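User: I'm new to this structure and would love a close look at one part of it, namely the enclosed spaces and the helices around them. Could you walk me through that slowly?

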Amino acid sequence: MKGGDTAMAMVEREQELALLEALLASAVMGRGRVALVGGAVATGKSTLLHTFAEQAIELGALAVTATGSPLERDVPLGVLRQLVEDAPLVPQERERALSLIEEGARAGAGVDERRPVDAQLVHALCGVLLDLSERCPLVLVVDDVHHADRESLLCLAYLARRVRLAQIVAIFGHADQAWHTDSYFQTELLRQPHCRRVRLTRLSRAGVAAMLAARLGGEAAERLADEMYAHSGGNPLLVTALADDYEESARTAPEPPAGVVVGEQYGQTVLSCLSRGEARVARAARGLAVLGEPRSLDLLLGVPAAEVNKDLHALGAAGLTALGTFRHEAARQAILGAMDAGERAELHRRAAELSYGVGASPAVVARHLLEAGRVDAPWGIEILEEAARSALRAGQVDSAVGYLRLAWRACADDTQRAKIMTMLVRAEWRINPAAPASRLAELAEAVHRGSLRGGDAVVLVRALLWHGRVDDARDVLEQVLESGGTADQETRAELVVARLCLRAAHPPFLTALGQMTKEEGPGGIVSVSVSRRLESALALAEVLTRGPREEYVDAVERILEDSRLDEMSLDTVENSLLTLTYAGRAERAAPLCDMFAAEASARQAPSRRARLAAIRAEIAIRQGDMPAAERHARAALQIIPMSGWGVAVGGPLGSLILALTTMGRYDEVREHLDAPVPEVMFQTRYGLHYLHARGRHSLATGYPALALADFRRCGDLMTEWNLDTPGLIPWRADAAEACLHLGRVEEARELVRGQLDGDVPDDPRGRGVALRLLAATLDPGDRPALLRQATGCLQAAGDRYELARALADLVETYDALGEYRRARTIATWAQAVAAECGVEPPASSLRPAQQQSHSGPHGSSRTGSRAGSGGGPEHGATATAVRPPAVPLGELSDAERRVASLAAAGCTNREIAAKLFVTVSTVEQHLTRTYRKLGITRRSDLPLVLEFGEQAGV
């Protein structure tokens, strides 16, 4: 042992070492001594004995050592043989002593352990060591003497009685409460007047700090001492193990760990401590690791409570436990991991019975059943189901899946088995919708057998549709309706909710449900959870079929404020968020979606995280935040692979394609367009999103005819399904833009007017997009008013990308009209808005398609440059640097500002007078005063802030 290691190992052991040195000094004077060094397992007895033996050699004594072992306890005279072999005897003495040991071993083998050992043999063997002490002071050290064989103990006891007048000091190390049946040895030694007892205790907090200071340095020692003391209980071996784990982590990490590291060394040392003690103490530790608490440990192990209490005391004395539980979970896991699989399963089985018998919670009982891997009693299946429901409510999805799988394997009743599998499908769905796909066929078969009925069968229908198995879903639904399953209230409620959800997601399948009867209506639903699901599904269906309605928006907001991601509420959350999104309330949906996504992450629900990320991508698209849309769509497709999304893949995939297209990253888009998608997806709402995104990509890359085909197909499906609202997809506006690229202006105008004629209230985004494209079909002089209305609508809607496109068109219009100052100012604004979206300034939709190349998202770099120049070449060099001059608008009266705003918007004096119900003379007077206050001389110099608000001054 190195000097530094010795100093560290001997912390708080100085007094004990000094006592042993004093005994040696006495022995050198011919007054032999005996010491019994005891203490809990792993409190440093072996280190103390080893250190003392080394010092004895340095002082001129002979040190002869031996160590007891439980593996050699049945080897007669095994420990004494170690002492003889370690002693510096002359050949004749060694040969004689070993011969005596062989004789004694043969005599003791296989005889009754109560039979006394031959006295002459004992006398002769001890005489060898006594003779040796006459030549030189002798130090006899026997560690773990409690593991010594019976014959060796008899010889050592004989020797201990005779060292009083010899130059011998005999040191025996033993673990407290670890004596074998021959406990008389300890009693015999302590009766001797020349015997001293030395007790080692665990280290104090200061002792732990001192050990760490010698190993890790003073700063780390002071920072880690409290936590290391708590985890080790002052056990020197455990402190050393924690220091090893800390250093190992520090070697592999870029920076030293901030706290204690409990790693592999700690667990291995716990096992080492147990192996050094008695087998029954180790068995108590295994039982405690299984139960997790000391209560009922005696019943689990089948031993008297008094013995269990002694064993628990031994574990506490060794620093492994505190207040009856392990000091760190790593200790418990290490013990469980090292257990024999059969013993572990049997202990967990018995622990489950005990826990159930004392009324423990279903979660506690279920954990034991899961570890046991079997269920022997009928109550076990019910316990596992209840524990699974609780685990799902707490967000412990993996645990719930484990409970349900075990319950399903153990259940013999077909009906109950089918219900358990339905629960299992729902739980696995939270992790990955693809995971339970293999179970759907068995559930469908259970419906045909009549084992699965009612609401569970309706849930199965929706799962089958998710994976595109339309025919199977139709068969299951027919079975439910034909079997009279709608008689119970739960099934009726599920059918009502399913009808509304299918209305929004799988419209062609809706006819399979038939007509809703009065008895199946919402009036029969009394559950709060089902009522919220119904209300949110109804709101989404209404918004998709009739457009935004404030009453539905308010209703779903109230639902979202009260909902949590518990077992059954994701449909509620999803439908409510989509209602807000398609109703044009993206700014209200975004923070709510982020809140639920954070909760899904905390609850270990990957599937829910992915579905919420897909919704968040849709929200970001409608806010014009393309980088965020890409980020959320990619997250959705990474959490759940494309194969797991089923027909719903069109949602996140469409958002990703649309975002990348808008940002001009066409090469990346092709990779995603080449990915195979299920054909049945195009019979769902998710297929509409995919078609729309593919059309936008075709349009941006110069294939307007292909784009128009996708937009038309979108429109045909939406019309057929009665989902024709621009809040979902503004297909008419997109088709009109494609027509403009093809030079079919009249057709474009008709499409846009069709969207405006069907305009729904509370949809500023759809109206703004339509007005922008309608302006593109008109002469330049007729465009500004429409484009100003479009920018106002899009500002109100919060769609920054569409606002940037409207501003680009306005720049082009003012450019064409020769109003270069306005063009320059608005170009600066457009560039700022585009930068917020993460895109280049969009190209104008007013120019013929042949003037647009593929170098930008929707046109050439020339278009972007021109949008920033505001006109002819003489303006291009300074376009982005021009800022409108600061003007003292605060000096204008309200009447002057109203007149000036209309004048800045291009209205004549007569038009202003008519709008404000004043005379033309009054308008002229207001304008004259306004020119004077602003220091300008003509109408075209009026600041654009008057027309567009503060954002025009960006």
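What volume does the second largest cavity have?

Analyst: Happy to help! Please keep in mind that this is a predicted model. The volume of the second largest cavity is about 340 Å³. Its lining is made up of 27 residues, and those nearest the centre are Ile621, Leu658, His692, Arg696 and Arg765. Sorted by class, the lining of this second largest cavity holds 11 nonpolar, six polar and 10 charged residues.

Now for the helices around that space. At least two lining residues of the second largest cavity come from each of H30, H33, H35, helix H37 (731–741), helix H39 (764–776) and H41.

Two of these helices are worth following to their neighbours. Let's take H33 to begin with. H33 packs with helix H34 (residues 666–673) at an angle of about 160°, and their axes are 8 Å apart. An angle over 145 degrees counts as roughly antiparallel, and H33 and H34 are therefore roughly antiparallel to each other. The crossing between H33 and H34 is left-handed. On the H33 side, the contact uses Leu653, Leu656, Ile657, Leu660 and Thr661, which meet Tyr666, Glu668, Val669, His672 and Leu673 of H34. By class, this contact of H33 with H34 has seven nonpolar residues, two polar and one charged.

Next comes H41 (residues 800–816), whose axis comes within 8 Å of the axis of helix H42 (residues 820–837), with a crossing at roughly 160°. H41 and H42 are therefore roughly antiparallel to each other as well, and they cross in a left-handed way. Among the H41 residues in this contact are Leu803, Leu807 and Val811, while those from H42 include Ile826, Trp829 and Val833. The contact of H41 with H42 has 17 nonpolar residues, no polar ones and four charged.

Finally, let's place this cavity among its companions. The whole structure has four cavities of 30 Å³ or more, and the largest holds about 810 Å³ of space. The largest cavity is lined by 38 residues, with Trp429, Arg462, Asp571, Glu574 and Arg611 closest to its centre. H30 gives six residues, the largest share of that lining. Helices H30, H33 and H35 are among those that supply at least two residues each to the lining of the largest cavity, and these three helices also each supply at least two to the lining of the second largest. In the lining of the largest cavity there are 21 nonpolar, six polar and 11 charged residues.

Key: Residues numbered from 1 in each chain as written. Predicted model: local features only at pLDDT ≥ 70, side-chain atom pairs only at ≥ 80, totals over all residues. Heavy atoms only, no water. Axes fitted to C-alpha atoms, helices over the stretch in contact; angles between N-to-C directions. Helix = DSSP H or I, 4+ residues; strand = E, 2+ residues; numbered from the N terminus. Parallel < 35°, antiparallel > 145°, perpendicular 65-115°, else oblique. Left-handed = near helix turned anticlockwise from the far one by under 90°. Contact = heavy atoms within 4.5 Å. Nonpolar A, V, L, I, M, F, W, Y, C, P; charged D, E, K, R; others polar. 1 Å grid on protein atoms, 1.4 Å probe; cavity = no way out; pocket = protein on both sides within 12 Å on 5 of 7 lines; lining within 4 Å. Points joined across faces, edges and corners; volume = space filled by probe spheres on them.
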